[in-house]
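Me: I should like to learn how to read the features of a protein model. May we go through one together?

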Amino acid sequence: MTTAAPLLAVHALPGPHGFDLARALAQIAADPDTGNGADPLSLPEIEAHLAADPAHRICILYVDPVRVLCAAMTADQDPATVLEAWTDAARDALHLHRRNRRRSMIFEAGHLQRYAAIGLDRLQITADSQSLSAVTDATPAPAPLHALLARALLAETPQARAAAEELEASAQLLSNDDPTGSATMALAAYQDLQAQGDAASQARAAQDQAQKAHKADTARLEQARAALAAELAALQAELADSQSLIKDKTHQLETVQAKLEAATAAADALRKDRAADQAQLATLTAKVDSLTRQAARDSAAQQEMMQEMTAQRQAHSAALAASDTKLKETAATLEARDSALAEARSYIDHIMNSRSMRLTRPLRAMFHVLRGGR
């Protein structure tokens with residue numbers, strides 16, 4: 001099904017207030033059956049509607065270029081760029097208006113809002129004008145200096161001035177009660193300009209003082225950073241030395257512990273040998289005792305055997321004495337290694353409790369975290 005075009009095609013030139021008012025007007029003039037025309041249309045969209053139905057009417061809304069430029073200055077936009085965009089849009093809209101004079105009307109947005117009832121009647125729209133009057137103009141009131149500069153820029157731009165004059169000449173005049181500009185506007189603008197110049201001078205002086213203070217603060221901060229960097233480098237060097245020393249002492253401790261474990265194992269072996277010798281000695285002693293008891297009853301051969309067993313006992317006793325001597329030497333060696341181990345552990349404790357280790361404990365913890373807790 002083909003959708004019908006809106007009865008009134010509304011177009012707005014750049015400017016937030018003009019667009020908001022155009023949207024309210026488009027909603028009033030929308031086709032109640034299809035809802036078409038509820039938003040302002042671009043010029044190509046209007047051309048398409050006119051091609052579909054030449055009977056449709058056109059309403060073009062614009063905001064005075066001086067107010068557009070003042071709003072751009074207030075928003076810190078480039079006035080020349082804004083004026084160029086406004087001029088291009090105005091020329092295109094005027095071209096459309098010239099080709100469709102019998103069904104096209106131009107309104108200045110503020111003028112239409114002030115006399116909304118007359119404007120709706122002129123557009124042949126039967127509706128409550130309150131919806132147009134209620135549209136809020138969020139554009140700030142032009143400052144006298146901004147207005148003066150905007151008029152000067154408009155006067156120096158022939159194409160923009162010609163477009164503004166043609167829009168004003170072609171716009172619908174709904175009332176002759178519009179207030180005229182104040183005769184003292186130029187004096188007020190000059191006074192405003194002078195006040196702004198004084199304020200700018202004071203602001204520049206304050207900014208210079210702030211910059212000097214900022215430079216001094218920056219220099220002090222750089223000095224503090226350099227001192228901190230030097231101290232950090234010294235701490236890192238001390239930490240590296242301490243870590244190297246700890247590594248060496250740890251290696252020595254591990255070596256001593258390995259030797260101690262080997263000596264302990266040797267001592268255990270000697271103790272086992274001594275126990276075996278003592279057991280063998282006890283066995284031999286029992287045999288000697290047995291042989292001694294038999295010596296009285298046995299022959300000379302038995303007596304000779306007893307003497308041999310006695311000799312063996314003496315040999316085992318000598319071996320046991322040698323084992324005791326070796327065990328004592330091993331015990332002395334163990335005591336000396338225990339003393340060396342205690343001395344190494346005391347030195348490591350001294351290093352671990354030193355001032356450098358306490359100061360670098362956060363760094364070591366941070367390195368431990370950076371290594372993934374390994």
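Reply: Let us begin with a single residue. Gly 110 has a relative accessible area of 15%, so it counts as buried, the cut-off being under 20%. Please keep in mind throughout that this is a predicted model.

Me: In which helix does Gly 110 lie?

Reply: Gly 110 belongs to helix α5, which covers residues 109–114. One may also look at its distance from another residue, both along the chain and in space. Gly 110 and Ser 133 are separated by 23 residues in sequence, and their C-alpha atoms are 9.8 Å apart.

Me: What does the chain as a whole contain in secondary structure, and what share of its residues is buried?

Reply: The chain has 13 helices and three strands. Of its 374 residues, 29% are buried. Contacts may be sorted by separation along the sequence: among those between residues at least 6 apart, 78% join residues at least 24 apart.

Me: How should I read the sheet, and what is the order of its strands?

Reply: A sheet is read by asking which strand pairs with which, and in what direction. Here three strands form an open sheet in the order β1-β2-β3, and the pairing is parallel. The strands β1 (8–12) and β3 are at the edges; each has a single partner strand, so one side of each lacks a neighbour in the sheet. On average, neighbouring strands of this sheet are turned by 20° against each other, with direction ignored.

Me: How many bridges join β2 to β3, and which residues stand opposite each other?

Reply: Strand β2 (residues 57–62) is joined to β3 by five bridges, and the two strands run parallel. Cys 59 has Met 105 of β3 as its bridge partner. Tyr 62 is opposite Glu 108, also in β3.

Me: Why is β3 described as largely enclosed by the rest of the structure?

Reply: The reason is burial: four of the five residues of β3 (residues 104–108) are buried, so the rest of the structure largely encloses this strand. A strand at the edge of the sheet can thus still be examined for burial as a separate matter.

Me: Which helix lies across β1 and β2?

Reply: Helix α1, residues 16–28, lies across these two strands and runs at about 170° to β1.

Me: How does one describe two helices that pack together, and what is the angle between α4 and α9?

Reply: One gives the angle, the distance between the axes and the handedness of the crossing. Helices α4 and α9 (residues 158–170) pack at about 45°, and their axes are 9 Å apart. This angle makes α4 oblique to α9. The crossing of α4 past α9 is left-handed. Residues making the contact include Leu 83, Trp 86, Thr 87 and Ala 90 of α4, and Gln 159, Ala 160, Ala 163 and Leu 167 of α9.

Me: Is Thr 87 buried or exposed, and which residues does it touch?

Reply: Thr 87 lies in helix α4, which covers residues 79–99. With a relative accessible area of 4%, Thr 87 is buried. Setting aside neighbours within four places in sequence, Thr 87 is in contact with Gln 159 and Ala 160.

Me: At what angle do α3 and α4 cross?

Reply: The axes of α3 and α4 cross at roughly 145° and come within 9 Å. The crossing of α3 past α4 is right-handed. Among the residues in this contact are Pro 65, Val 68 and Leu 69 of α3, together with Val 82, Leu 83 and Trp 86 of α4.

Me: What can be learned from the sign of phi?

Reply: Most residues other than glycine have a negative phi. Asp 76, which is not a glycine, has a positive phi of about 60°. Asp 76 is in the loop between α3 (65–74) and α4, and is exposed at 72% relative accessibility. Gln 124 also has a positive phi, near 60°. Gln 124 lies in the loop between α6 (116–122) and α7 (130–133), and its relative accessible area of 65% makes it exposed.

Me: How many disulfides does the structure hold?

Reply: A disulfide is a covalent bond between the sulfur atoms of two cysteines. This structure holds zero disulfides. Cysteines may still be described by their burial: Cys 59 is buried at 0% relative accessible area, and Cys 70 is buried at 1%.

Note on methods: Residues numbered from 1 in each chain as written. Predicted model: local features only at pLDDT ≥ 70, side-chain atom pairs only at ≥ 80, totals over all residues. Heavy atoms only, no water. Disulfide = S-S within 2.5 Å. Buried < 20%, exposed > 50% of the residue type's maximum accessible area, 1.4 Å probe, protein only. Pairing = 2+ DSSP bridges. Contact = heavy atoms within 4.5 Å. Axes fitted to C-alpha atoms, helices over the stretch in contact; angles between N-to-C directions. Parallel < 35°, antiparallel > 145°, perpendicular 65-115°, else oblique. Left-handed = near helix turned anticlockwise from the far one by under 90°.
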